[in-house]
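Me: Could you take a close look at one part of this model for me? I'd like to hear about the salt bridges and what they hold on to.

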Amino acid sequence: YEIITPLPELRLILLEEYFKCGAFLKALLLSHLIYEKYPQFKSKILAKMVILENISELPLDKRKKISADLLKTEVKIMGQSTTIEKLSLPIRLAANSNIKIGKLLKSIPLELMHLQYRDHNQLSDYQPIEILFTNTDIIFNGASYLIDYSIKKNEVEWDYHSGPEYKKGHENGPHQKRFITQHSGDQLFMLSNGKNSGQKSIKCFDLKGSLLWDTADQKISYRDEPFCTPIASQGKLFGLTYSMREAINTVSYSVFDSSSGELIFKTPISYLRDGGWNTYSYDSHFTQDDAFVYGYTGTGIIFKADSNTGNLLWEKGFPKASIYDQPWHTRGFAPSGFIKIFGDILLCFMPDDQIFTACHKDGGDYAWRSSVYTPRFIHGRDNPEALYFSSASLGSEPWLYKVNPQNGEALWASGTNGLTISGEGDVVGDRLYLPSEKSILEFDCHSGKLLKVIALNVNPLKIRCSQEH
C-alpha cells in the first residue's frame, strides 16, 4: 500500500519482526531503506542497523555513512550501555589505514574453470575468476566453486565445490566472463552448475560456507534456468532466466524469495537470438539504487523495476553494433558486461551489441552511445566518478581512456609506453592500477600519466581493491 500512502511505522514493525526471527538479510535491507527514506526514524533503527551490518560482515563502502552527532547516540545492548560509535569502531578504524601494495601474504592455488571460459581466440589467458570482499574475508568465485580466504588468519577458512561442468569443450567463449558473488545481509549468492552437468542454478550460502538452498531443488528448474547471479533488494532477489524447452527460447525477468529461492513471479521480456549454450551466462547484469533495480538481458534490452513491488517500470531495446556481427567469432575480445549508475545516468556495456549505451535512469530516455570506443578491459568498475577502460587492436600498443559518463566525452587518453595490459585493473584513491607482464602499472587518475611500474615475479591477470584491502 506504500504506493498509495507512505506507511513508515509499519516498516518499523516489520524490521523488528525480521530481526527477532533471524531474517537478517531482509532486516538489513529494510533498515537501510528506512535510514535513507525516513530520516525521522534514524535514531530508532540505528543500533539494529549497525548490529546487522556487523553480523553481515559488510565492508565499509557497503555500510551507511553515519554523522558525527548520530555516532554519539547512546544505546543499550544486552543491558550494557554503549554508543553507536563504539559498535562500529573496529570496522571504521580498519579502513583508516593507508592502502598500498605491500608484501605477498598468500598464494592460493585455484582450480581451472571449464575450458569455454578461458579459451578465447584473442585472449587465451583471460581471468574470469572474480573476488568479493567482506569485512574480514576475500571470497573467490570460480563458477563451480567458492574459496573463502580469512585475511586475519591468512588461510583458507572454507570452500565449496559443485563439481565440474559438463558441456562442449571445444566451444570458444563468445565474450569475456566474470563469475559474480552477491553479498547481501548474512547470505551469499552465486550462479553455478550441477555436478558433471551444464544445468545452471542459483546457490545460496551463509557466511561460513553452508549451503542454505539451491534453485535446482525448485520446480522452476524443470522449465527455466537462471543465467546470472541475482541482486538482492528489499528482501527479494532479482534475476534473469531463460527457457530452453519451448518453441521460442524466452528470456524472463524473474523475482525470487531470498529466504528460500522460490520463484515469486517472472515476466518474459526477450528471446535468445542464437543457440549458444553459454552466450548470456554469468557477468554482472544488475545494479540498484535505494528504490529501484536496473538490468540488461544480454539480448539488447535494458530495463528498470520497482524494488518494493518487483514490477517492471520500463524496458528499452537497443540494436546490435552490426548486422554482420556473429556471436562466436567476433566477441572474443568484448569485455564482460558493465552496468552502473552515475547520478541520473545509467551506463551499460552489453557484450551482445558491444557499444557503451547511456540512458536516463528515470524513464530510460536515450542519453548517448558511442561506437568509437572499443574496450578490451573495463577498469575500476566500482568507481563512482568516471569510466575507465583500455582499448587496443591486435599487435598495437594499448590505450587507456577516462570518459565522462554523463556525455561520453573522453577526459583523457594515455598510452602505456608499449607495455601490455593483461586484464582488468582497479582504482584506489587517485591512482589506477593495471596488471601487465610481470608488473603492475600505476597511473594518475587525473592526468592519465604513467607514474610507476612495479616489478613482480608473477604475471598478474586481474587487480581488485577495496577501502580496506
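Reply: Here's a walk through the salt bridges, with a short look at the cores and one sheet afterwards. Keep in mind that this is a predicted model.

The count comes to 19 salt bridges. As background, side chains of opposite charge can pair when their charged atoms come close.

Let's start with Lys462 and Glu130, which form a salt bridge with their closest N and O atoms 3.4 Å apart. Lys462 sits in the segment after strand 31 (450-455), while Glu130 belongs to strand 3 (residues 130-133), so this pair ties together parts that are 332 residues apart in sequence. Both Lys462 and Glu130 are buried.

Next up are Arg381 and Glu424, whose closest N and O atoms are 2.9 Å apart in their salt bridge. You'll find Arg381 in the loop between strand 24 (377-379) and strand 25 (387-391), and Glu424 in the loop between strand 27 (410-415) and strand 28 (426-428), so the pair ties together parts 43 residues apart in sequence. Arg381 and Glu424 are both buried too. These two pairs belong together: salt bridges that share partners join Glu130, Arg178, Arg381, Glu424, Lys462 and Arg464 into one network.

Then there's Lys361, which meets Asp289 in a salt bridge at 3.3 Å, N to O. That pair links distant parts of the chain, with Lys361 in the loop between strand 22 (356-360) and strand 23 (366-370), and Asp289 in the loop between strand 16 (286-288) and strand 17 (292-296), 72 residues apart. Lys361 has 17% relative accessibility, so it counts as buried, the cut-off being under 20%.

Now for the nonpolar side. The largest nonpolar core has 23 residues, and those with the most contacts inside it include Leu15, Tyr35, Leu46 and Ile84. Helix 1 (8-21), helix 2 (24-37), helix 3 (42-55), helix 4 (68-71) and helix 5 (84-94) each give two or more residues to this core. Leaving aside residues up to four places away in sequence, Leu46 touches Tyr35, Ile66, Leu70, Thr73 and Ile84. Another core, of 15 residues, lies apart from it, with Phe238 and Phe303 among them.

Last, the sheet. Four strands make an open, antiparallel sheet in the order 7-8-9-10. Strand 7 (181-184) and strand 10 (211-214) are the edge strands, each pairing on one side only. Three bridges join strand 9 (residues 200-206) to strand 10, and Lys203 stands opposite Asp214 in strand 10.

Terms used: Residues are numbered from 1 along each chain as its sequence is written. This is a predicted model: local features need pLDDT of at least 70, side-chain atom pairs count only at pLDDT 80 or more; totals for chains, interfaces and linings use all residues. Side-chain values use heavy atoms; hydrogens and water are left out. Two strands pair if DSSP finds at least two bridges between them. A nonpolar core is a set of buried Ala, Val, Leu, Ile, Met, Phe, Trp, Tyr and Cys residues joined through side-chain atoms within 4.5 Å. Buried means under 20% relative accessible area, exposed over 50%, partly exposed in between (1.4 Å probe, protein chains only). Contact means heavy atoms within 4.5 Å. A salt bridge is a side-chain nitrogen of Lys or Arg within 4 Å of a carboxyl oxygen of Asp or Glu.
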